[in-house]
Amino acid sequence: MARPTTARPGPAREPAVVRVALIGTALAFLVLFVCLPVVAVFAHALEKGLGAYLASFAEPDAWAAIRLTLLAAAIAVPINLLFGLAAAWAIAKFDFRGKSVLVTLIDLPFSVSPVVSGLIYVLLFGAQGWAGAWLAAHDIHVVFAVPGLVLATMFVTVPFVAREVIPLMQAQGAEEEEAALVLGARGWQTFWRITLRNAKWGVLYGVILCNARAMGEFGAVSVVSGHIRGKTNTLPLHVEILYNEYNFVAAFAAASLLAVLALATLLAKALVEWKSPELRHATRERAPFAEGRPVRS
Amino acid sequence: MSITVRDVSKRFGSFAAVDGVSLEVPDGELVALIGPSGSGKTTLLRIIAGLEVPDSGTILFDEHDATAQRVGARRVGFVFQHYALFRHMTVFENVAFGLRVRPRRQRLPEGAIRAKVDDLLKLVQLDWLGDHYPSQLSGGQRQRIALARALAIEPRVLLLDEPFGALDAKVRKELRRWLRRFHDELKITSVFVTHDQDEALEVADRIVVMNAGRVEQVGTPDAVYESPATPFVYDFLGSVNLFHGRVHRGRVQIGGLEVEAPEHREAQDSPAVAYVRPHDIEVERGHTGARGMAVIDVIVRHILTAGALVRLDLERTDSGGIIEAELSKERYRALDLRVGDRASVRPRAVRVFVN
């Protein structure tokens, strides 16, 4: 584990005791607060055997919750991808009035409690809300229905793509785009062939995080859902209902799905980070290349 | 293709980057825009390219107004200071970019594009680097690829923004000569921005000296170096000694020295500054009166013998100011000066500006 591999003392080396203590503390913390809960989820889910575990997914309500979760993510993530790209492009490559306001607005969902974001939609579209009467007259259901869930999910996941892509695009500057324009490329060609290609790893990274949050969101969704079984329950809400009913195997089985999703996200995130040099050191990218290699002429 | 800049101005907030500039670049010339940072030279270049829109004024390419033309339609080759190569494309694809983004009807067939890119890579002598990525190249190689990429669209004019600014001294010198040869072969109207006077003097057919958003002087390297039109140009191009004095009816009084300045015959006892290049300073051993000539007495403070010429820092005995003088090695040996020795100087050629 924390076995010192090179015993040679160096200027930045602490004594073995300190190293073991530090690494041990960090590991103990990780095991206690991260690994144990994950293991517990799977242990509880499989408590009554694999049969009971799988049977809990055969429930139509469980299926409905999975489908709804996937649907909400399938709508929210692409829309936020488009919005995030457009916003990042505008913010990183252009100067305009109200730029700082836009940046602040993008961050708003991070600073607002998810419950409040859910409440906003109830206040706007609920039966007593501003648009409530009009919506009821046209038989459009937003709150306590799928559109409300999608809206709430979209709101809380707004910052993810934009926040990942803006610093990357800013670090890359606008020179390559200018070069493309001078060479005769149209605006769309420039965006597609230069801006997007250069930002692709950041975009992918943002999408992965956005997706994880979209599927795992509880607070905002809980407020607008109404908890109608088989209709407006997403996976996280489904877990809560089952747990409150003391149906532990089914609750932990559903939770284990979310845990698998989280682990897959971590893996995908690590892969993207490993694949992309820009994300590892986005700011160092523009440092001038070392000179001194012979130029053949 | 000639370029005409007519009364162009551009402000950034309250800062006038380019202030009423007019300029002619004749067909086939290589022109250097030179000036200190913030003098507006890069902004002017970007306005010619169409990357900036001027607040007022017009840009003409061969008598045709290009001011409202979008940047991609102007067919200019632009080489960026930091190359701006597309980092996710190979060298080959970088050069091919301008050919590939053309509308389908004007696009060359793939074979023709390949042949053309190969030709361009040969032209810049880097055909063996086609499948490399920009990050694998040295600075000088990147610069030449940037040039090949700019030439791919058969530009009508070539604009270069500090083309050698990010390179080390040796590569810089090599590329400078290479650019000059290159221009002599292609004869494409070119404008390049630089803050390096040696670069401008060595490479350009004509030099445009800019200061604070305005053009100070336009002329051949010889003309701007030998007869600067303003004190600024004198100061900016090459090192120079300043002598403060008074001018009266065509004669300038500097310390104990009197010099003819016939161009200021009307001046009535007004303060003036005389500019003298270090190589126009004549140095003699010993102080005043050796041969009864009017001179300035100095003491040798520092001697720099490295290089083709010997540079002396001489301290004036009257004002304590430092005079820089350049001598040939032979003259230096003949004078046999040491640090601390007394000497006297006399300007051979003076340019006087009345304040």
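## An all-helix chain and its second largest pocket

In this predicted model, chain A has 297 residues, of which 39% count as buried. The surface that chain A exposes comes to about 16700 Å², and carbon and sulfur atoms supply 69% of that area.

The secondary structure of chain A consists of 14 helices and 0 strands, so that the pattern read along the sequence is α-α-α-α-α-α-α-α-α-α-α-α-α-α. When contacts between residues at least 6 apart in the sequence of chain A are considered, 70% of them join residues at least 24 apart.

One feature of the model can be described in further detail, namely the second largest pocket, which has a volume of about 460 Å³. Its lining is made up of 16 residues, and those that lie nearest the centre of the pocket are A:Lys93, A:Phe94, A:Ala174, A:Glu177 and A:Glu178. Three helices of chain A, which are α3 (60-93), α9 (175-182) and α10 (187-216), each supply at least two residues of this lining, and the largest share, 4 residues, comes from α9(A).

The table divides the lining of the second largest pocket by residue class.

| Class of lining residue | Number in the second largest pocket |
|---|---|
| nonpolar | 6 residues |
| polar | 3 residues |
| charged | 7 residues |

Taken with the helix ranges, the residues nearest the centre can be placed along the chain: A:Lys93 is one of these central residues and stands at the end of the range of α3 (60-93), while A:Glu177 and A:Glu178, also among those nearest the centre, fall within the range of α9 (175-182).

Note on methods:
Residues numbered from 1 in each chain as written. Chains lettered and ligands numbered in written order. Predicted model: local features only at pLDDT ≥ 70, side-chain atom pairs only at ≥ 80, totals over all residues. Heavy atoms only, no water. Buried < 20%, exposed > 50% of the residue type's maximum accessible area, 1.4 Å probe, protein only. Contact = heavy atoms within 4.5 Å. Areas by Shrake-Rupley, 256 points an atom, 1.4 Å probe, with all protein chains shown as cover. 1 Å grid on protein atoms, 1.4 Å probe; cavity = no way out; pocket = protein on both sides within 12 Å on 5 of 7 lines; lining within 4 Å. Points joined across faces, edges and corners; volume = space filled by probe spheres on them. Nonpolar A, V, L, I, M, F, W, Y, C, P; charged D, E, K, R; others polar.
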